[in-house]
Amino acid sequence: TTSGSAWKRGIEHFWPTLGVIVLGKAVLWGGVVALSILFFALYVTGSGELWQSFWLLFLFLLLVPFAWILAVVVRFALMFVVLEKQGPLDAFAAGVRLFVSHWLTSIEMVVVLFVCNFAMVLALLLIMVGVGLPFFLFAYLSYTLGAPVWFWTATLTLLFSELAVILFVGA
């Protein structure tokens, strides 16, 4: 395929794809707004009792899996837009049906991706601490000894080394 035909094909799917993404965001933000109104109502009517805190925590923890499921449904709907050439609403409904028929596999994949993402973030954090700690300690030592040139040299080296780690890892 040429770049011109790829461009035309991409433009052909742009608006339905945008419609599916906007619909998914609208549903998610509708849930967030409804939950926020409920949080506010519980806050205004209550006196900060312990059961209200548990209720709010429960509702928040209920919203997180809903957001994960909605993200999977949106991905499925995008697949239906591109592969089946469906409109946004039909694709969203087809995405919901596909999720309902394969809910266990979908949730397993969400959990696996979450664990992988969490492990990579933790690894990046450990790498950044490992790379930056010597420069931080040298900068602290230079500051306490009153050596501003060495302090700024170590601080800038720390900054650039952390940026290099982020760029190298691809975050």
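A residue counts as exposed when its relative accessible area is over 50% and as buried when that area is under 20%, with partly exposed in between. These cut-offs come up at several stops below. The model on screen is predicted.

**Whole chain**

Start with the whole protein in cartoon view. Its secondary structure comes to five helices and zero strands, and along the sequence the pattern reads α-α-α-α-α. The radius of gyration is 24 Å, well over the 16 Å that the globule rule gives for 171 residues, so the protein is more spread out than a compact globule. Turn the view along the principal axes: the C-alpha atoms fill a box of roughly 70 × 65 × 25 Å.

Switch to a surface. The protein exposes about 12,400 Å², and carbon and sulfur atoms supply 80% of that area. Of the 171 residues, 19% count as buried. Among contacts with a separation of 6 or more, 55% are between residues 24 or more positions apart.

Next, colour the charges. There are 6 positive and 6 negative ones, and the mean positions of the two sets are 14 Å apart.

**Helix H1**

Select residues 3-45, which make up helix H1, and find His13 in it. Is His13 buried or exposed? At 8% relative accessibility, under the 20% cut-off, His13 counts as buried. Show what surrounds it: leaving aside neighbours within four places in sequence, His13 is in contact with Val81, Val82 and Lys85.

Step back to Glu12, also in helix H1. Glu12 has a relative accessible area of 45%, so it falls between the two cut-offs and is partly exposed. Draw a distance from its C-alpha atom to that of Val111: the two residues are 99 apart along the chain, and the atoms are separated by 33 Å.

**The loop at Lys85**

Lys85, one of the contacts of His13, is the next selection. Lys85 is found in the loop between helix H2 (50-84) and helix H3 (88-101). Check its backbone torsions. Most residues other than glycine have a negative phi. Lys85 has a positive phi of about 55 degrees although it is not a glycine.

**Aromatic rings**

Now show the rings of Phe, Tyr and Trp. How many aromatic pairs does a search of the whole structure find? The search finds six. One of them joins Phe14 and Trp15, with 4.8 Å centre to centre and 80 degrees between the planes, an edge-to-face arrangement. Phe14 is partly exposed at 43% relative accessible area. Trp15 is at 61%, over the 50% cut-off, and so counts as exposed.

Move to Tyr143 and Phe151. Their ring centres are 5.6 Å apart and their planes are at 50 degrees, so this pair is tilted. Tyr143 is exposed, because its relative accessible area of 57% is over the 50% cut-off.

For a group of rings, select Trp68, Phe114 and Phe118, which form one aromatic cluster.

**End of helix H4**

Finish at Ser142, in helix H4 (residues 103-145). Ser142 has a relative accessible area of 6%, which is under 20%, so it counts as buried. Which residues does Ser142 touch, not counting those up to four places away in sequence? They are Ala147, Trp150 and Phe151. Phe151 has already appeared on this tour, as the ring partner of Tyr143.

Key. Residues numbered from 1 in each chain as written. Predicted model: local features only at pLDDT ≥ 70, side-chain atom pairs only at ≥ 80, totals over all residues. Heavy atoms only, no water. Helix = DSSP H or I, 4+ residues; strand = E, 2+ residues; numbered from the N terminus. Rg over C-alpha atoms; globule rule 2.2 N^0.38 Å. Buried < 20%, exposed > 50% of the residue type's maximum accessible area, 1.4 Å probe, protein only. Contact = heavy atoms within 4.5 Å. Areas by Shrake-Rupley, 256 points an atom, 1.4 Å probe, with all protein chains shown as cover. Lys, Arg positive; Asp, Glu negative; His and termini not counted. Charge placed at Lys NZ, Arg CZ, Asp CG, Glu CD. Phe/Tyr/Trp six-rings, centres within 6.5 Å; stacked < 30°, edge-to-face > 60°.
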